[in-house]
Amino acid sequence: MPPRPSPPRLTHFLCLPLVTPTSRSQLQNSLATFRDKVTGISTPELPNGIPEKAIRPSGTLHLTLGVMSLLSQERIDSSLKLLRELNLKELLSSSNPASLQNPDETSNPVAQSTSKGKAIANVSKEAKPLQVTLKGLESMHTPSKTSILYSAPADDERLYPFCQKLKDIFTEAEFILVENRPLKLHATTVNTVYVPGVRGKGGHGRSKAKLNFDAREILEDFEDFEWMMNVRIEKVAIWKMGAKKNGDGEEEYVVEGEVEMH
């Protein structure tokens, strides 16, 4: 049996950054509250609580749309060219699920009237900036044995269709690697792969954590926790894999390229 080919080396990812001038203080305060609480919750696997290194810094928070393997400057430049050519306003205005009319409405006068009312409301809604709220906490795996916790975005119904459209564009252009799973929008708040000495092989970014813990108490405590509220998405970006410390000592990803949401 021939050996399996090595997986491509991941170098970049397409994302929506969640750290903005508006959200920065919200995220810093909520992460500080979270850190103070969970580092004191003892579990059999973590008698001293979740290690601080497992809690992601505010500067790294984002929604990943897809991962990339850009192994040449030519590929990087081509992906950035596609990013800059995007008509984000048009993509967003066509991403409102409510704007898709139900076929049954075409023959129903009452439904037609309702549909027209929705259309007028949608025009107003489409003019609004895309906003994200992060509330609650979930586990990427079985809660009793997990290594990753995250918060899922809520509220704006245009977010998922908009992100899916972006992912499809970059996938069709062969920049985003094809994944046999649906897009899962999430902001990672805890990942034990970043704790020194527990990194293994496989998983997202070709690395996974060997340190699992029972998160059931933490998930219950932070079920309704507000991380940030009604924050406008300001950019679509291509970031380099591997967060690094900036000049102020804060951890963040290196920006390969980004475009503003107007």
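Author: A residue is called buried when its relative accessible area is under 20%, and with that cut-off in hand we can read the salt bridges of this predicted model.

Reader: How many salt bridges does a search of the whole structure find?

Author: The search of the whole structure gives ten salt bridges, and one of them joins arginine 56 to glutamate 251, with 3.5 Å between the closest N and O atoms. Arginine 56 belongs to the loop between α1 and β2 and glutamate 251 to strand β13, so this pair ties together parts that are 195 residues apart in sequence.

Reader: Is arginine 56 buried or exposed?

Author: Arginine 56 has a relative accessibility of 3% and therefore counts as buried, whereas its partner, glutamate 251, is partly exposed at 24%.

Reader: Which residue forms a salt bridge with lysine 37, and which parts does the pair tie together?

Author: The partner of lysine 37 is aspartate 221, and their closest N and O atoms are 3.9 Å apart. Because lysine 37 sits in helix α1 (residues 24-38) and aspartate 221 in helix α6 (residues 216-221), the pair ties together parts separated by 184 residues in sequence. Lysine 37 is partly exposed, its relative accessible area being 40%, and aspartate 221 is likewise partly exposed, with a value of 39%.

Reader: Which residues are joined into one network by salt bridges that share partners?

Author: Consider first the salt bridge between glutamate 179 and arginine 181, in which the closest N and O atoms lie 2.9 Å apart; glutamate 179 is partly exposed, at 27% relative accessibility. Through shared partners, salt bridges join Lys167, Glu179 and Arg181 into one network.

Key
Residues are numbered from 1 along each chain as its sequence is written. This is a predicted model: local features need pLDDT of at least 70, side-chain atom pairs count only at pLDDT 80 or more; totals for chains, interfaces and linings use all residues. Side-chain values use heavy atoms; hydrogens and water are left out. A salt bridge is a side-chain nitrogen of Lys or Arg within 4 Å of a carboxyl oxygen of Asp or Glu. Helices (H or I, at least four residues) and strands (E, at least two) are DSSP runs, numbered from the N terminus. Buried means under 20% relative accessible area, exposed over 50%, partly exposed in between (1.4 Å probe, protein chains only).
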